[in-house]
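Here's a quick tour of how some helices and strands pack together. Have a look at the fold first, then read on.

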Amino acid sequence: MHGVGIIGAGSVSPGHLQAVATLESTHLQAVADTDAERLARVCAEHGCQGYSSYEDLLADEGVDLVIVCLPHGLHCEVTVAALEAGKHVLVEKPMAVNVEECDAMIASAQRTGKQLSVGHMHRFSPTNRAVQKLLREQAVGDLVCLCDEAYRPFNPNRPAWYLDKATHGGLWYQNGIHLIDRSCWWVDSRVVAVKALIDSRFFEFSADDVAMALLQFENGVYSTLIHVWWRTGGRRFSTEFVCTDGMLQLRRGIESGRNDLFIGRDGDWEQVEVTEDHDTTARQLSAFVEAIDAVTEPPVTAEYARHLVAVLTACMESSRLGREVVLQDS
Ligand SMILES: NC(=O)c1ccc[n+]([C@@H]2O[C@H](COP(=O)([O-])OP(=O)(O)OC[C@H]3O[C@@H](n4cnc5c(N)ncnc54)[C@H](O)[C@@H]3O)[C@@H](O)[C@H]2O)c1
């Protein structure tokens, strides 16, 4: 049984709290948060130890697995401290704000022999996995390119750090990393070059609200990522995969929230039945715990997550320079 400590009790924490409660192999030992009211509420609800500083949680011997749910700028510092305190760490995405921080985290995991993984949860969705299986089986031939698009309103109830460039807020760090992960996982290759627009066009805050990126993969596949937090517009979430013998399409229903999967051949779309559920966070934790127990690599390795951060920051650099950027780490 693993004693789990969750650092950061904000918007993403309920899914992790639920996951810890769902698994037979984990129990919630402690939560840490600097917001006293929030901490008291979560501890009362879940009957666990509460700490106002993450250092105190790391000193708790009942904690052997830490889930870091903090603003992006704190991921590296707290993950390294947790690893050095002898804990396994699942850190929320993105792994860190730049590759130098990722390297420090990887070095710490290697030095301490503790497991480190990153919360790239999209691969635990049954529909996303069904796409991956069809691609691997070459059900519609070889993948040529894909386009992953998300258009949605900005959520004004975000805490201040989400809106500030200085604290690595904005749509690209927050959601762009999901799009990069999905592409890298589906394409199953490393990104070698990017060309991107990452900017703030709709709102007054300093962090970005629009992103468009073209990723070129080592295996010859290309992907286009588009993500917009609009001031006014229409919602749409869809992913198209162009393959040599047909297409695949993921459409997320606006009302249903369901991800529907279709195969396109000869001008028609045929739906593929997949039972979608909302257990992705529990599946992610379960896979991480299995890797810890079996002393094997977790499904999301730190090296893989570092590559995603390299792609993320290369896109920002490309946008700043107004030209293609070739990745150094691939
Ligand atoms: N996978 C997903 O779908 C998903 C969704 C939302 C957020 N996230 C990720 O989760 C992470 C956290 O995001 P969030 O939305 O929960 O943020 P949030 O701002 O809602 O919560 C962060 C919490 O950390 C606490 N905190 C800040 N500094 C602290 C410190 N030094 N020590 C202890 N506690 C501290 C804050 O008081 C707050 O309660 C981010 O990496 C974000 O990208 C992932």
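## Where two helices meet

This is a predicted model, and a helix pair is a good way in. On the α7 side, the contact uses W172, Y173, G176, I177, I180, D181, C184 and W185, and these meet Y304, H307, L308, V309, V311, L312, T313, C315 and M316 in α9. Sort the residues of this contact by type and you get 13 nonpolar, three polar and one charged.

## How they cross

Two packed helices are described by the angle between their axes and the distance between the axes. Here, α7 spans residues 171–187 and α9 spans residues 302–321. Their axes come within 10 Å and cross at roughly 120°, which makes α7 oblique to α9. As for handedness, the crossing of α7 and α9 is right-handed.

## The sheet

Now for the strands. Six of them build an open sheet, with parallel pairing, in the order β3-β2-β1-β4-β5-β6. The edges belong to β3 (49–51) and β6 (116–119); each has a single partner strand, so one side of each has no neighbour in the sheet. From one strand to the next, the twist averages 25°.

## Around β5 and β6

Zoom in on β5 (residues 88–92): this strand pairs with β6 in the parallel sense over four bridges. If you want a spot to click on, V91 has V118 in β6 as its bridge partner.

Helix α4 (residues 75–84) packs on the sheet as well, touching β1 (2–7), β4 (65–68), β5 and β6. The direction of α4 makes about 165° with that of β5.

Methods: Residues numbered from 1 in each chain as written. Predicted model: local features only at pLDDT ≥ 70, side-chain atom pairs only at ≥ 80, totals over all residues. Heavy atoms only, no water. Axes fitted to C-alpha atoms, helices over the stretch in contact; angles between N-to-C directions. Parallel < 35°, antiparallel > 145°, perpendicular 65-115°, else oblique. Left-handed = near helix turned anticlockwise from the far one by under 90°. Contact = heavy atoms within 4.5 Å. Nonpolar A, V, L, I, M, F, W, Y, C, P; charged D, E, K, R; others polar. Pairing = 2+ DSSP bridges.
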